[in-house]
Structure formats: structure tokens, C-alpha cells
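Please open the structure in your viewer and keep the selection tool at hand. The tour proceeds stop by stop, and each stop states what to select and what is found there.

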Amino acid sequence: MKMMKLTCVSLACALLWACGNDNNTPNQPEITNPQLTKPDFVDVNITPQAITEGKVTVMLGAYQDNITNWYKECIREGIAKCDVTSNTGQPDGFATVKDAQASGIKNLPHDVHFEVDLKQVEQVLMTNPDGLGAGTARPDIFVEGHFSAFDLLRYLVATRDDLRFDSITAEKDTNTKTIEFSLSWDRNDDGVFDEKDGESNFNSHDWHFRFYANGGNFTRARGDSQGFSPAGETNYYRMDEFWVQPGHHFTYQPYSEYMTNRRQWLMKEDVLRREANGGKIIIPEILVLPKNHEDGFSVYDVEVKPFNMRPDIFQPDVITAMDMILSASDKIGGVKFTYWPNLSTDADVGHYALTKIGEKRSFGMEGWYTYFYKVMHQGEFTLFNMQLPTCDFFYADGSQRDPLNPIEGKERVPQTECEQDWYGNFGGDMVHVMPDVNVMNYGIDAMRLTWGEHYSLWGATKHTSLETTEWDFNLNLNDGNHTPDIAILRTFDLPKEPIGNAPILSKEHFGYKIADCTLCHNENKEPLGHGGHAWPINVADGSDVQQPHFCASCHGSNGAPMGHGEVSRCFWCHSKDLKPENHGDASSKKLIKGEEKLKGNQLTTMFWGEPTDRWGNRKNYNEILAPINNDWTLSKSMPDAYSCVTCHPNQ
């Protein structure tokens, strides 16, 4: 290891266990962690413990995104000229990644791309290789064992011969209240740091980071023409406050001086606003936009208090976006959060997500989104890439521009640099940073909480226990020529009193807590019951198999714990550590092979809904190990979410 070269020093998931609990009262939730007193604004009783082991991927230098550059030209010339083909072989009105590849455009892997083991980061930084402290450079923010994006950069500088800090200024000595630095990168690998490496790579103050979260096997919306760059999302965050989570991706690259100016100007405004408020963090405006945006409303001047929901990561009183939302709770009608664990996509999330405002609760792929703005309602990045950015909101020095009263002669951001640094669907508002780890110690200019949905984006099928629906189970085969197998899917009410001679099951039942009734009660086992006949099947709704939740409509939930508000997509969270046991085929997974059988390969009407590889090129799924219940197929015996919410009813 070399020493440092210093020349200057937050849909929705359901904690539904097997049908039963250990107490004597059926239909009561189990206490999974008695050490925690669950706040009333959290749906699930859990104490998060962020892991400190794992790997992150890192890229150095700006990524050459050929598909994005092609798409920019499409916008200039007219999207229709680039609309080559679609799922049907005919133009569909959108220029897609598939169109790019049909035109011979492809993205290549970046040449400086590698993995970093976070345990090695800890081992190196604990030696204080650069004089910035043993461990994190911001012990006022992070607890031991956790690090920032700047700490990760410190590790790279300390262990690579091609990186060097030329200067570092501590956050307390800057007017942005973040660590500022200049960096050199020996880009041509000749062993010398000089101008031959490129102006932006020699003693440059313009380096910052991009990031994207680990999506597991969910590989859509990669590439600026769909969602965000393969390098990650551009942002205005303080690098030394941004938490490094295992599985995430970080790109360190030089930007234009204009991006640096804008980012730093906005940071200074945050600091000045907090100073003007006497050290208090006050959000000038929070806009709430329900499903019917006509019902939207704003609340103003919300003073933020810390709730310390992530003591496993942050020091006491570090302010996060979750604190901001909770501080506004009374003004916006009450809020609730749920906890996202390791998901069915293999994405290890481990965060709280906003799930309810007032009486409106998220469900499945439809619900609340959080946006955070430095300048209210002015999206500085392109919205859905139907147009090119113009950087009309600010001047070249980063200061705000009033389009109604512009300052004549003041330098503007050149269009080439504007498109280079500000083009993309996401960035700035950081919708993909979970609220409990979104550090905002100097506040934000404005916040928007809005209702949206992803079903149409990803081509998923919407199922909710709040509605009765028909479902063709032979669609699971996706063979294009099948005999319909239609059944009605609905949630049943549990009996409050015995129905006829049907007993309501209690802990004395020999199969108490076993959700799958058919393990013991089936056509092949004696006694058959029900007068010696075969066990009942809900043929009235079109079913041809036994369904435990149909049994529950007469016999009760067999001691199943209550639900916690979710009404759909229980499989999303109950597939890994929280996999339901003894729930028949809903407890298992199946390996789906063949591009033609994987519904996720089908294009949607939205141009960004395509599966891609790591670099944003179109790449169909070939096989996926998926829960039986997923966005395209359902279990016959325990269809999600109808069976789930029958046995685990919500309050």
C-alpha cells in the first residue's frame, strides 16, 4: 500500500410469517424484536442493522455513452427518424435502446472499472494513511465502520499509484461545509502527473461522483436514453456526507467548471439559509401531490427535528430526508414508513420507505415518491429526455438566473457543457436515495411528495387485494396458443363466529401455525373430512386446486399474525430472509428459462422500459430464479396478494 501523495493537504413489503404465532390470541402480530419500541409512524417492528461487509463497484473517469449521444442526435433531428423497430417489428413512436442497436450503436465497457472490498477500505483507512483521521474523515456524521463517498475516494488515493490529492480543505474551513479538494489522475499511466493526462485530470477541482443503487437482477433503465447513465446519477450532494452502501456503484470523474460552480453555489445557499434561521433547519416549502394532482397542496416553513432512525449508520442528530418528512407529518396529515429488506430481485435494500400520507397508502408498484430540490420546481435535469437541457436556471458562475429579469451580458453555460453534464432523466433531485440515509444537515430548498406508478413502465401486472380480478393461469405458460384457465381472485373475510359446524382453529389445532392446510388435509389422506368427501375446492370462482385462504373463510386464519398495511406484491419482500415457510408453492421459487417465456423482455409503451446489460445495451433476460408469485405469474393455491391478505388482514 502506498502512502497518500499530498502536495498541499427510501413498497412495499409485507412481514407475513407462517400462519400462526406463539401467543394465545389468534390474529395478533408477533414481536420479532422486543428490544425496539416501534414508533407509531413505522409499519413493521424491526431494528435495522446496516452491514459493513461487501463490495462496491467503482469507475474512474467520465463514461463514453454512445447510445446517449445517438439519442441526443435523435432529439435534434426528430425522434421519428430514429424509430427503427419495436416489439412488433413496426415503428412505435419511440426511439429505444433496441432502435439504437438496430442502427449499429452500442456501448462498450469502461476501461477503468473494478470492485472494492469495503473491509479493505476499513483496514486501510483505520491506519490514517492521509492524516484525515483513522476511519471516516467525518466521524461527526458516521459511526465506526461506515464511510462516505469521499472516504472511498481516500482509499483509492491511498492504494493506487495513478491518483493523488493535490490539496484538501476541511469542511469547517469552507463556505460549502463540505471537504473540498483538487485531484490528479495519471490517465495515460506514464508514471507522471502532468498536463499530458488532460486538463481535467491534473490538479483539478472539478471531480465529483455519480452513483446508482444495486438493483439486483432488475436490469432496466440503464443508460441515459432510458433512465440514468451507466456511470450513475449526477448529483449535488456533499461527497463526505453520502453513505457508501455495499452493492452500490460509484463513478469518480471530472465535470465541467460550470457543474462545479453550480453545485457549490447551491451548497453555499443551503449554508446561508441555515445561518439565517439561527442554525435551525427549515424547509421553505413541501409540496404534496396525491394521485389526483388537483388535490395537491403545499405546507411552508417546516422546522426539522432529528428522529435518529439509523443509529447503526449515523451519529446522533444527523439530519436525513426521513427526518424532514416526519417533521412535516402533522402539517400534511400524518405519515407512515415501511421497511424494505432484501427483495425478490436480489437487491439488498435495508431502508425505510415513505408509504403513507394522510389516508393515502402506497401499494405494490403504485405509491409515494420523494423528490428533493435545490431550487423549487425547477428540474435542472432533463425530464424523461424528450428534450435537451438548456441550463436556463443559472449563470456560468452557478448563481440563480431569473428568466424574467436576466442580467445582461452575464456569462451563460455553453450548450455543449450543458448537454454533457445535465442531460439525463435523473439527477439533482435524487429520487433513488432512500430517505433514511439521505443526509441533509443543511436542509433543502424544497421537497415534493408525489403519487406515481410503475406498472405501465415495467409491463407488470397489477394485483391488489382491494379489488377482485380475473386471471388466466395458463398465461403463465406464455406459449401464445393456450386453453384459457380463468379464475376469479379475491380476498375472503375471516369468520368472527363459527359458521355451522366449522370450528375456528386455535392453538389446540395440531397444525397450528402451518399455513398450507393441504399438507395434512388433502384427497390422499384420511380422514377426508367434510362428511367423508374430498376437501373443498372453490369451484365457484373457477379454482381447480385447494386454497388455504378459502379454508380460512370458514375456519379462521389458524393463528396468522395481522398484516401491516400492505395489499399487494407481498412476494417482493417475502422471498429471501423473510421467505414464508409452509406456504405451499408460495414458499418456493422456479427457474424460468427462455427469452420467450420471460414477460419482462416484452417492451412496454414507455420507451425506457427495456432490459439492458451493465452498460445500457439491450439484453434480454435468459433465465430468472423467481418466486412462484411475481409480476407475471401467480400461484394457484396461494395467489399473491389475495391469499396473503385473507389470512393476514390489515387493521
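How many of the eight residues of helix 11 (residues 548-555) are buried? The model on the screen is a predicted one, and the answer can be examined by selecting that helix. Six of the eight residues are buried, so helix 11 is largely enclosed by the rest of the structure. Select Pro 548, His 549, Cys 551, Ala 552, Ser 553 and His 555 to display the buried residues.

**Around helix 11**

Next, add residues 642-647 to the selection; they form helix 12, against which the buried residues of helix 11 pack. Then move to Gly 556, which follows helix 11 and has a positive phi, near 80°.

Before leaving this region of the sequence, select Asp 640 and Ala 641. The peptide bond from Asp 640 to Ala 641 is cis, and its omega is near 10°. Ala 641 belongs to the loop that runs between strand 17 (623-627) and helix 12.

**The whole protein**

Please now clear the selection and view the entire model. The protein has twelve helices and 17 strands. Of its 651 residues, 57% are buried. Its accessible surface comes to about 27900 Å², and carbon and sulfur atoms account for 51% of that surface.

**Salt bridges**

A search of the whole structure finds 30 salt bridges. Select Arg 361 and Asp 43 as one example: they form a salt bridge in which the closest N and O atoms are 2.5 Å apart. Arg 361 lies in strand 11 (residues 360-361) and Asp 43 in the segment before strand 1 (55-60), so this pair ties together parts that are 318 residues apart in sequence. Both Arg 361 and Asp 43 are buried.

Proceed to Arg 164 and Asp 166. These residues also form a salt bridge, with the closest N and O atoms 2.6 Å apart. Are they buried or exposed? A residue is called buried when its relative accessible area is under 20%. Arg 164 counts as buried because its relative accessibility is 16%, and Asp 166 counts as buried because its relative accessibility is 5%.

Now select Lys 172 and Asp 173, whose side chains meet in a salt bridge of 3.4 Å, N to O. Lys 172 and Asp 173 are both exposed. Continue with Arg 138, Asp 140, Glu 171 and Asp 240, which are joined into one network by salt bridges that share partners.

**From strand 6 into helix 6**

Select Ser 256, located in the loop between strand 6 (249-254) and helix 6. Which residues does Ser 256 touch, not counting residues up to four places away in sequence? The answer is Asp 206, Glu 417, Gln 420 and Asp 421. Ser 256 is buried, with a relative accessible area of 8%.

Then select Glu 257, which lies in helix 6 (residues 257-276). Glu 257 is partly exposed, its relative accessible area being 44%. To see its surroundings on the surface, add Glu 195, Glu 199 and Glu 411: together with Glu 257 they gather in a patch of negative charge.

**Three aspartates**

The last stops concern three residues. Select Asp 161 in the loop between helix 5 (149-159) and strand 3 (163-169). Asp 161 is exposed, with a relative accessible area of 63%. Add Val 192, which is 31 residues from Asp 161 along the chain; the C-alpha atoms of the two are separated by 9.9 Å.

Move on to Asp 189, found in the loop between strand 4 (180-185) and strand 5 (207-212). Its phi is near 55°, a positive value in a residue other than glycine. Asp 189 counts as exposed because its relative accessibility is 63%.

Finally, select Asp 301. Where does Asp 301 lie? Asp 301 lies in strand 8 (residues 297-303). The phi of Asp 301 is near 50°, which is again a positive value in a residue other than glycine. Asp 301 is exposed, with a relative accessible area of 52%.

Note on methods: Residues numbered from 1 in each chain as written. Predicted model: local features only at pLDDT ≥ 70, side-chain atom pairs only at ≥ 80, totals over all residues. Heavy atoms only, no water. Patch = residues over 30% accessible without salt bridge, like charges linked within 9 Å, V, L, I, M, F, W, Y side chains within 5 Å. Areas by Shrake-Rupley, 256 points an atom, 1.4 Å probe, with all protein chains shown as cover. Salt bridge = Lys/Arg side-chain N within 4 Å of Asp/Glu carboxyl O. Lys, Arg positive; Asp, Glu negative; His and termini not counted. Charge placed at Lys NZ, Arg CZ, Asp CG, Glu CD. Helix = DSSP H or I, 4+ residues; strand = E, 2+ residues; numbered from the N terminus. Buried < 20%, exposed > 50% of the residue type's maximum accessible area, 1.4 Å probe, protein only. Contact = heavy atoms within 4.5 Å.
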